Amino acid sequence: MNRFTILINPLVLMRAFMHSLQGLSYAVKNERAFQQELVVLVVAAVVAFVMSESGIERAVLIGSVAGVLIVELINSAIESVIDRIGLASNAISKRAKDLGSAAVLVSLVAAIAIWIAILVD
């Protein structure tokens, strides 16, 4: 089998999709910050449809909040790997967790700025 055939193999794609759903399911059930941000996304989607005037605005507003969820998933993955390595206090582990958290903060600030820029206009 050549590399291209492997890349488009439906069984491989289905397996990858199932792993993605397992990760998403875990986040929805167990990650408090993800749960909170998911609620924000649902509310934001309703507000975007009520308050924005165009489909592009809605897409940008909803996409900015969805971006926060994406960064939160990555942050949760980083935290899981660090916890797998060990729960003992370690400066490098703390730095990795702090950087992941900072990424979430930056995505939140960016989303807020996007909402302000579009809705105040």
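This passage looks at one helix, a surface patch and the salt bridges of a predicted model. Local features need pLDDT of at least 70 and side-chain atom pairs count only at pLDDT 80 or more, while totals for chains, interfaces and linings use all residues. Residues are numbered from 1 along each chain as its sequence is written, and side-chain values use heavy atoms, with hydrogens and water left out.

Take helix 3 to start with (helices are DSSP runs of H or I, at least four residues, numbered from the N terminus). Its buried residues (under 20% relative accessible area; exposed is over 50%, partly exposed in between, with a 1.4 Å probe and protein chains only) are F34, E37, L41, A44 and A48. Seen down the helix axis, these sit within an arc of 75 degrees, so they line one face (the arc uses directions from the axis to the C-beta atoms). Over on the other side, R32, V39, V42, V46 and V50 are exposed.

Salt bridges come next (a side-chain nitrogen of Lys or Arg within 4 Å of a carboxyl oxygen of Asp or Glu). The whole structure turns up two of them. In one, D83 pairs with K97, with the closest N and O atoms 2.6 Å apart. That pair ties together distant parts of the chain, as D83 belongs to helix 4 and K97 to helix 5, 14 residues apart. D83 is partly exposed at 35% relative accessibility, and K97 is partly exposed too, at 25%. D98 and K94 also meet in a salt bridge, at 2.5 Å from N to O. These two are four residues apart in helix 5, so about one helical turn separates them. K94 is exposed at 53%, whereas D98 is partly exposed at 39%.
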